[in-house]
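Here is a short tour for anyone meeting this structure for the first time. Have a look at the picture, then read on.

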Amino acid sequence: MALFDTISADIKSAMLARDKVRLEALRGIKKEFIEAKTAPGANGELSDEAALKILVKMVKQRRESAAIYTEQQRPDLAENELAEASVIEQYLPKALSDEELSAELSSIIAEVGVSSPADMGKVMKVATARLAGRADGKAISAKVRQLLAK
């Protein structure tokens, strides 16, 4: 619940600073959090892990929208989406570098005890859960495929 409280406090400071882009992004985050808390079976609680998943999803959506707007020659809308994505990213843990990702995945592969690319699913299950918010799913998948091919 700490992340939810942080977002609520930051909304107030964005209002006082009259930072329109930041305020819109934070209100969007809070809306998603409230919807997750009130969803059937959620018991009115939102864990930080669930909140991180929501934030990752929101950043991905913003980036995809920006790419579409860029294709359609709408740089003004693309710029707004990218600005909101950068605000949301501030609440995510620091992203792993390529070397750190390789090291983490190597330890997960050793822990799971897999050696062939056919067992990639077992590694992905553990890796996506453990590296949530710190690495993109596509990057994890590509690196696991590369490490298992050796």
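Are Phe4 and Phe33 buried or exposed? Both Phe4 and Phe33 are buried. We'll come back to that pair shortly; bear in mind that this is a predicted model.

**The overall layout**

Let's start with the whole chain. The chain holds 7 helices and 0 strands, so to read the elements from the N terminus on, you just get α-α-α-α-α-α-α. Along its principal axes, the C-alpha trace spans about 55 × 45 × 25 Å. There are 150 residues in the chain, and 35% of them are buried. The chain exposes about 9,200 Å², with carbon and sulfur atoms supplying 54% of that area. As for how the chain folds back on itself, take the contacts with a separation of 6 or more: residues 24 or more positions apart account for 58% of them.

**Two nonpolar cores**

In soluble globular proteins, nonpolar side chains tend to be buried together. Here, the largest nonpolar core has 21 residues, and the members that touch the most others are Leu26, Ile29, Phe33 and Leu55. Helix 1 (2-17), helix 2 (20-37), helix 3 (48-71) and helix 4 (75-89) are the elements that give two or more residues to this core. The largest share comes from helix 3, with 6 residues.

Ile29 gives a feel for how things meet in there. Setting aside residues up to four places away in sequence, Ile29 touches Ile7, Leu55, Met58, Ile88 and Tyr91. Apart from this core lies another one, of 16 residues, and Leu101, Ile108, Ala127 and Leu147 are among them.

**The aromatic pair**

Back to those two rings. A pair of aromatic rings is described by the distance of the centres and the angle of the planes. The count for this model comes to 1 aromatic pair. Phe4 and Phe33 have ring centres 6.3 Å apart and planes at 40°, so the pair is tilted. The pair also links distant parts of the chain, since Phe4 sits in helix 1 and Phe33 in helix 2, 29 residues apart. There's a charged neighbour too: Lys37 lies over the face of Phe4, at 4.2 Å from the ring centre.

**A closer look at helix 4**

How many residues does helix 4 have? Helix 4 has 15 residues and reaches 21 Å from its first C-alpha to its last, close to the 21 Å expected at 1.5 Å a residue. Its buried residues are Ala78, Glu81, Glu84, Ala85, Val87 and Ile88. Those buried residues pack against helix 2 and helix 3.

Glu84 deserves a stop of its own. This glutamate lies in helix 4 and, at 10% relative accessibility, counts as buried because the cut-off is under 20%. Leaving aside neighbours within four places in sequence, Glu84 is in contact with Val21, Glu24, Ala25 and Arg62.

**Individual residues, buried and exposed**

Here are some residues side by side, with where they stand on accessibility.

| Residue | Relative accessibility | Status |
|---|---|---|
| Glu84 | 10% | buried |
| Ser141 | 16% | buried |
| Gly121 | 53% | exposed |
| Gln73 | 65% | exposed |
| Arg18 | 75% | exposed |

Ser141 belongs to helix 7 (residues 137-149). Not counting residues up to four places away in sequence, Ser141 touches Met120 and Met124.

Gly121 lies in helix 6 (residues 120-130). Gly121 and Val144 are 23 residues apart in sequence, and their C-alpha atoms are 9.7 Å apart in space.

**Two loop residues with positive phi**

Most residues other than glycine have a negative phi. Which way does phi go at Arg18? Arg18 has a positive phi of about 55° although it is not a glycine. You'll find Arg18 in the loop between helix 1 and helix 2.

Gln73 has a positive phi of about 60°, and Gln73 is not a glycine either. Gln73 lies in the loop between helix 3 and helix 4. Arg18 is exposed, at 75% relative accessibility, and Gln73 is exposed too, at 65%.

Notes:
Residues numbered from 1 in each chain as written. Predicted model: local features only at pLDDT ≥ 70, side-chain atom pairs only at ≥ 80, totals over all residues. Heavy atoms only, no water. Core = buried A, V, L, I, M, F, W, Y, C linked by side-chain atoms within 4.5 Å. Buried < 20%, exposed > 50% of the residue type's maximum accessible area, 1.4 Å probe, protein only. Helix = DSSP H or I, 4+ residues; strand = E, 2+ residues; numbered from the N terminus. Contact = heavy atoms within 4.5 Å. Expected span 1.5 Å × (residues − 1). Phe/Tyr/Trp six-rings, centres within 6.5 Å; stacked < 30°, edge-to-face > 60°. Lys NZ or Arg CZ within 6 Å of the ring centre and 35° of its normal. Areas by Shrake-Rupley, 256 points an atom, 1.4 Å probe, with all protein chains shown as cover.
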